[in-house]
Amino acid sequence: MQIDDPASNALQPRPSIAVPRPRPFPIEQNAPGPRCGHTLTTITGPDGDQNKARLVLFGGATALEGSTAKNPDGTPSGSPGPAASGIRLAGATNDVHIFDVRTGTWNKITPMGEPPSPRAAHAAAAVGNMVVVQGGIGPAGLASEDLHVLDFTDMERPRWHRVLVQGAGPSARYAHTLSLVANRFLVAMGGNDGKSTLGDAWALDTSEKPYQWRKIVDAGEMPCPRWEFLQAASSS
């Protein structure tokens, strides 16, 4: 019987692992411009074609209401002041920009159908070759409890659809998350409704119609209420 010596194993050379390195990425054509509170969602091409994958940027705000911190020379520093802590955003858009990672080009598009209202701090998730948008805030305050889909089934003619959902669902909110779990369930969590930070979670089964939100309860110890956080989901 041979017993391996951990100390000697530690001295053995190990295969090298390539470390990803940042590289310059030239941006061509019209970039979306400075903004905050937008979403950037990856979609694949028809039938999951990765060669036709795109990044879809939706919405965002180009300005914040309220005072702005000043540089010593009196110019705006870009940092929002105390008065910018409210929930109303100026300059919110419902623009859609597409980025082709192969060519490094941006293109602004105007999808068919009725778009969501201008908004920022919303949430978005990819479901196949569709982008689902929910919640957010705009110039008039919180967006309604709506659910919109930007359908790229025809990559040349994307179209907006408003999704009808039965029953109660996540209340109007912003700065929350929306993720597709197990390639089936849209899960919305957390955020802020303008009065308090939220800690609830809701799931929508994309395989069942009519669509219906279900509040997640009795699922163990829930995270504490939070907003402006990140969430990641596994496809398996």
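In which strand is A124 found? In this predicted model, A124 is found in strand 7. With a relative accessible area of 18%, A124 is buried, because the limit for that class is under 20%. Leaving out residues up to four places away in sequence, A124 touches T39, T41, V131, V132, V133 and L178. One of these contacts spans a long stretch of sequence: A124 and T39 are 85 residues apart along the chain, yet their C-alpha atoms are 6.4 Å apart in space.

Strand 7 also belongs to a sheet. Four strands form an open sheet in the order 7-8-11-12, and their pairing is antiparallel. Strand 7 (123-127) and strand 12 (159-162) are the edge strands, each of which pairs on one side only. From one strand to the next, the twist averages 25°. In general, the strands of a sheet pair through backbone hydrogen bonds, in either a parallel or an antiparallel manner. Strand 11 (residues 147-151) and strand 12 pair in the antiparallel sense over 4 bridges. Within strand 12, H161 is the bridge partner of V149.

A second buried position may be followed from R54, which lies in strand 2 (residues 54-58). Is R54 buried or exposed? R54 counts as buried, because its relative accessibility is 17% and the class covers values under 20%. When neighbours within four places in sequence are set aside, R54 is in contact with T41, T42, I43, I98, F99, D100, R102 and M155. T41 is thus among the contacts of R54 and also among those of A124.

F99, one of the residues in contact with R54, leads to the aromatic pairs. The count of such pairs comes to 3. F99 and W106 form a tilted pair, with 4.9 Å from centre to centre and 45° between the planes. Both F99 and W106 are buried. Y174 and W227 form an edge-to-face pair, with 5.7 Å from centre to centre and 80° between the planes. Y174 lies in the loop between strand 13 (165-166) and strand 14, whereas W227 lies in the segment after strand 17, so this pair ties together parts that are 53 residues apart in sequence. The two partners also fall into separate accessibility classes: Y174 counts as buried at 7% relative accessibility, while W227 counts as partly exposed at 34%.

The segment after strand 17 also holds E228, a residue with a notable backbone angle. What is the phi of E228? E228 has a positive phi of about 55°, although it is not a glycine. At 62% relative accessibility, E228 counts as exposed, because that class begins over 50%. A positive phi of about 55° is found for A182 as well, which is likewise not a glycine. A182 lies in the loop between strand 14 (177-181) and strand 15 (185-192), and with a relative accessible area of 36% this residue is partly exposed.

A further backbone feature concerns a proline. The peptide bond from K209 to P210 is cis, with omega near 0°. P210 is placed in the loop between strand 16 (197-205) and strand 17 (211-215).

Notes:
Residues are numbered from 1 along each chain as its sequence is written. This is a predicted model: local features need pLDDT of at least 70, side-chain atom pairs count only at pLDDT 80 or more; totals for chains, interfaces and linings use all residues. Side-chain values use heavy atoms; hydrogens and water are left out. Helices (H or I, at least four residues) and strands (E, at least two) are DSSP runs, numbered from the N terminus. Buried means under 20% relative accessible area, exposed over 50%, partly exposed in between (1.4 Å probe, protein chains only). Contact means heavy atoms within 4.5 Å. Two strands pair if DSSP finds at least two bridges between them. Axes are lines fitted to C-alpha atoms, for helices over the stretch in contact, and angles run from 0 to 180 degrees between N-to-C directions. Rings of Phe, Tyr and Trp (its six-membered ring) pair if their centres lie within 6.5 Å; planes under 30 degrees apart count as stacked, over 60 as edge-to-face and the rest as tilted.
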